[in-house]
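Grab the structure and work through these exercises one at a time. Try each task yourself before you read the solution below it.

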Amino acid sequence: MTHYHYQCNDCGTAFSAETIELHPDGFQYLCPDCGESKKNTPLRGVLRYEYDLDYVKHYLHREAFLSMMPGRFENFAPYLPLQVNKNDAFVIEGVTKELLQRVSLGGIGIQQYKWNDEVVLIQDETRNPTLSFKDRASIITAVKALQIGITEISAASTGNAGSSLAGICARLGMKAQIFVPERIPDAKRIQIQSFGANIYLVKGSYDDAFDASMDIAAKKRWFSRNTAHNPLTIEGKKWGAFDIFLSSGGNIPDKILVPVGDGVIIAGLYKGFTDLKKLGWINEIPTLIAVQAKGSNALARYLESGVFEYQPADTIADSISAGAPSNLYMAAEAVRVSRGKAVVIDDDAILLAQK
């Protein structure tokens, strides 16, 4: 008996862990009833994890948690869909302490900057194993794969997610299969290859790479880390909310700005803050503000019109470039329920801000 189950974010149907994870055809990534993945269209039937709160509350206590260092998912492992034993500390089944140390996040914390006489807080993700927030999703997905006996993981990527998965798999002795658009920046292609991953250049956009990865992964029985398609990626991103809670001493900011491409980071943060509220550790979910490039603003358009219309993405910000955001609907829910909004920035402003 597991301490969690799956629930469809669209139709609301609940499924046991066994139904999703032990299906004869392999892991069922989308809702078995309404799940749908079509070209140039956001995913339907994205699953989310719901937990036995009595189980979680038995092991997790606010003051004890706040005494811990951020960067280690083991600290809140009962609130993840992993097999966990409790001794003096949480033990992640099927993964040695040595392997866990290889994928811990070092030096994570909130840094303060002055910006036009205002204090801006920044969650620093540059000390992660591959220097990316996306390591959080890659780590949780890889650990789950090890627990269910899979050692090869695939993903489509514009660069960062692929580099992240490749690096995490290298640290854990696993194999990464990465599908990327053929116009991927050389620096990101080289980083993926330097970790020893297999890389496949796909003609067309990120959306084409996504379709190719899903088709081949299903035939090869690789575990998919594809954004939103695998609900573990959302749980991985929720780890960021738990670290914000830790780094702020439980006094989370009122507003958080989040870069949005596929929509999984903002949905994951929303899930994390929602889970913290269910524990009674916070009173309100912070306002989540989605920040998009003008050439890839599907979420902003959807929030305004309520209708998704596909437009090819075209922006220098390739890490958040997605014409058909896979997690559009959950991302929109995160913005609306948190009383947030979307802001759109053109490429010139992005380059100026970088400088």
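**Exercise 1. A charge over a ring**

Start with Lys238 and find the ring that its charged end sits over. Then find the ring that Arg136 lies over.

*Solution.* Keep in mind that this is a predicted model.
- Step 1: go to the charged end of Lys238, which sits over the ring of Tyr79, 4.5 Å from the ring centre.
- Step 2: move to Arg136, which lies over the face of Trp239 at 5.3 Å from the centre of that ring.
- Step 3: check the cut-off, which asks for NZ of Lys or CZ of Arg within 6 Å of the ring centre.

**Exercise 2. Classify two aromatic pairs**

Work out whether the pair Phe27 and Phe223 is stacked or edge-to-face, do the same for Phe76 and Phe242, and say which parts of the chain each pair ties together.

*Solution.*
- Step 1: get the overall count, which comes to 19 aromatic pairs.
- Step 2: take Phe27 and Phe223, with ring centres 5.3 Å apart and planes at 80°. Planes over 60 degrees apart count as edge-to-face, so Phe27 and Phe223 make an edge-to-face pair.
- Step 3: place the two residues. Phe27 is in the loop between helix H1 (17–21) and strand E3 (47–51), while Phe223 is in strand E11, so the pair ties together parts 196 residues apart in sequence.
- Step 4: check burial, where the cut-off is under 20% relative accessible area. Phe27 has 10% relative accessibility and counts as buried; Phe223 has 0% and counts as buried too.
- Step 5: turn to Phe76 and Phe242, which form a stacked pair, 4.2 Å centre to centre with 10° between the planes.
- Step 6: place these as well. Phe76 lies in the loop between helix H3 (62–66) and strand E4 (84–86), and Phe242 in helix H9 (residues 232–247), so this pair ties together parts 166 residues apart in sequence.
- Step 7: finish with burial again. Phe76 is buried at 1% relative accessibility, and Phe242 is buried at 0%.

**Exercise 3. Trace two open sheets**

Give the strand order of the four-stranded open sheet and of the three-stranded one, and name the edge strands in each.

*Solution.*
- Step 1: read across the four-stranded sheet, whose order is E10-E9-E8-E11, with parallel pairing.
- Step 2: look at the ends. Strand E10 (198–202) and E11 each have a single partner strand, so one side of each has no neighbour in the sheet.
- Step 3: zoom in on E11 and its pairing with strand E8 (residues 152–156), which is parallel and runs over two bridges. Here Ile153 stands opposite Phe223 in E11, and Phe223 is the residue whose ring pairs edge-to-face with Phe27.
- Step 4: switch to the three-stranded sheet, with order E2-E1-E3 and antiparallel pairing. Its edge strands are E2 (14–15) and E3, each pairing on one side only.
- Step 5: pick out strand E1 (residues 4–8), which pairs with E2 in the antiparallel sense over two bridges. Gln7 stands opposite Ala14 in E2.

**Exercise 4. Describe a pocket**

How much space lies in the second largest pocket, and which helix gives the most to its lining?

*Solution.*
- Step 1: take the volume, about 480 Å³.
- Step 2: find the centre. The pocket has 20 lining residues, and the closest to its centre are Asp25, Gly26, Phe27, Gln28 and Tyr29.
- Step 3: look for contributing elements. Helix H8 (206–220) and strand E11 (223–224) each supply at least two lining residues, and H8 gives the most, with three.
- Step 4: sort the lining by class, which gives eleven nonpolar, six polar and three charged residues.

**Exercise 5. Two cavities and one threonine**

How many cavities of 30 Å³ or more does the structure hold, and is Thr41 buried, partly exposed or exposed?

*Solution.*
- Step 1: count the cavities, of which there are two.
- Step 2: open the largest cavity, with about 110 Å³ of space. It is lined by 14 residues, and Lys38, Thr41, Asp207, Phe210 and Ala324 are the closest to its centre. By class the lining has five nonpolar, four polar and five charged residues.
- Step 3: follow Thr41, which lies in the loop between H1 and E3. With 32% relative accessibility, Thr41 counts as partly exposed.
- Step 4: go to the second largest cavity, with about 40 Å³. Its lining includes Asn9, Asp10, Leu43 and Tyr329, and divides into five nonpolar, three polar and one charged.

Methods
Residues numbered from 1 in each chain as written. Predicted model: local features only at pLDDT ≥ 70, side-chain atom pairs only at ≥ 80, totals over all residues. Heavy atoms only, no water. 1 Å grid on protein atoms, 1.4 Å probe; cavity = no way out; pocket = protein on both sides within 12 Å on 5 of 7 lines; lining within 4 Å. Points joined across faces, edges and corners; volume = space filled by probe spheres on them. Nonpolar A, V, L, I, M, F, W, Y, C, P; charged D, E, K, R; others polar. Pairing = 2+ DSSP bridges. Phe/Tyr/Trp six-rings, centres within 6.5 Å; stacked < 30°, edge-to-face > 60°. Buried < 20%, exposed > 50% of the residue type's maximum accessible area, 1.4 Å probe, protein only. Lys NZ or Arg CZ within 6 Å of the ring centre and 35° of its normal.
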